[in-house]
Amino acid sequence: MGSMSWIHWVVVLLIVVLVFGTKRLGNIGKDVGEAVKGFKKGMHDDEKPQQLNDETRQDNASDKTPSSRNDEHTPR
């Protein structure tokens with residue numbers, strides 16, 4: 001069981017293309033690329049400290065009004 005030569009890899013690639021088709025392989029490649037970009041962006045964003053501006057703070061404060069409270073679990 002030695003390493004595979006380039007001819008073996010070409011045969012494997014041809015079989016994969018025949019089984020999955022070029023369109024599906026292109027979609028898989030695109031999805032993997034987008035996932036890697038999202039992962040890198042997420043890792044980069046985690047390194048920056050998150051700062052809230054005044055508008056965001058005001059929006060969050062207005063969300064905590066009594067009318068938005070969930071009263072399902074209060075005794076009657």
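A nonpolar patch joins side chains of Val, Leu, Ile, Met, Phe, Trp or Tyr within 5 Å, on residues with over 30% relative accessible area and no salt bridge. In this predicted model, one such patch covers about 820 Å². The protein chain holds three helices and zero strands. Mean pLDDT over the protein chain is 77.

**Fold and confidence**
- The elements of the protein chain run α-α-α from the N terminus.
- A pLDDT of at least 70 is reached by 57% of the residues.
- Confidence is highest in H1, with a mean of 92.
- Helix H3 (residues 54–62) has the lowest confidence, with a mean of 57.
- Where pLDDT is low, the predicted coordinates should not be read in detail.

**Exposure of the chain**
- Of the 76 residues in the protein chain, 0% count as buried.
- The exposed area of the protein chain is about 7,800 Å².
- Carbon and sulfur atoms supply 59% of that area.

**Helix H1 and its end**
- H1 spans residues 6–20, a run of 15 residues.
- From first C-alpha to last, H1 reaches 21 Å, close to the 21 Å expected at 1.5 Å a residue.
- Gly21 comes just after H1 and takes a positive phi of about 85°.

**The nonpolar patch**
- Trp6, Ile7, Val10, Val11, Leu14, Ile15, Val19 and Phe20 make the patch.
- Leu14, one of these residues, sits in helix H1.
- Leu14 counts as exposed because its relative accessibility is 53%, and the cut-off for exposed is over 50%.
- An α-helix has 3.6 residues a turn, so residues three or four places apart point the same way.

**Val16**
- Val16 also lies in helix H1.
- Val16 has 30% relative accessibility, so it counts as partly exposed.
- Patch residues need over 30% relative accessible area.
- Beyond its neighbours within four places in sequence, Val16 is in contact with Gly21 and Leu25.
- Gly21 is the residue with the positive phi just after H1.

Terms used. Residues are numbered from 1 along each chain as its sequence is written. This is a predicted model: local features need pLDDT of at least 70, side-chain atom pairs count only at pLDDT 80 or more; totals for chains, interfaces and linings use all residues. Side-chain values use heavy atoms; hydrogens and water are left out. Helices (H or I, at least four residues) and strands (E, at least two) are DSSP runs, numbered from the N terminus. Buried means under 20% relative accessible area, exposed over 50%, partly exposed in between (1.4 Å probe, protein chains only). Contact means heavy atoms within 4.5 Å. Accessible areas come from the Shrake-Rupley method with a 1.4 Å probe; for residues, only the protein chains shown count as cover. pLDDT is the predictor's confidence in each residue, from 0 to 100. Patches are made of residues with over 30% relative accessible area and no salt bridge: like charges are joined within 9 Å, nonpolar side chains (Val, Leu, Ile, Met, Phe, Trp, Tyr) within 5 Å. A salt bridge is a side-chain nitrogen of Lys or Arg within 4 Å of a carboxyl oxygen of Asp or Glu. The expected span of a helix is 1.5 Å times one less than its number of residues.
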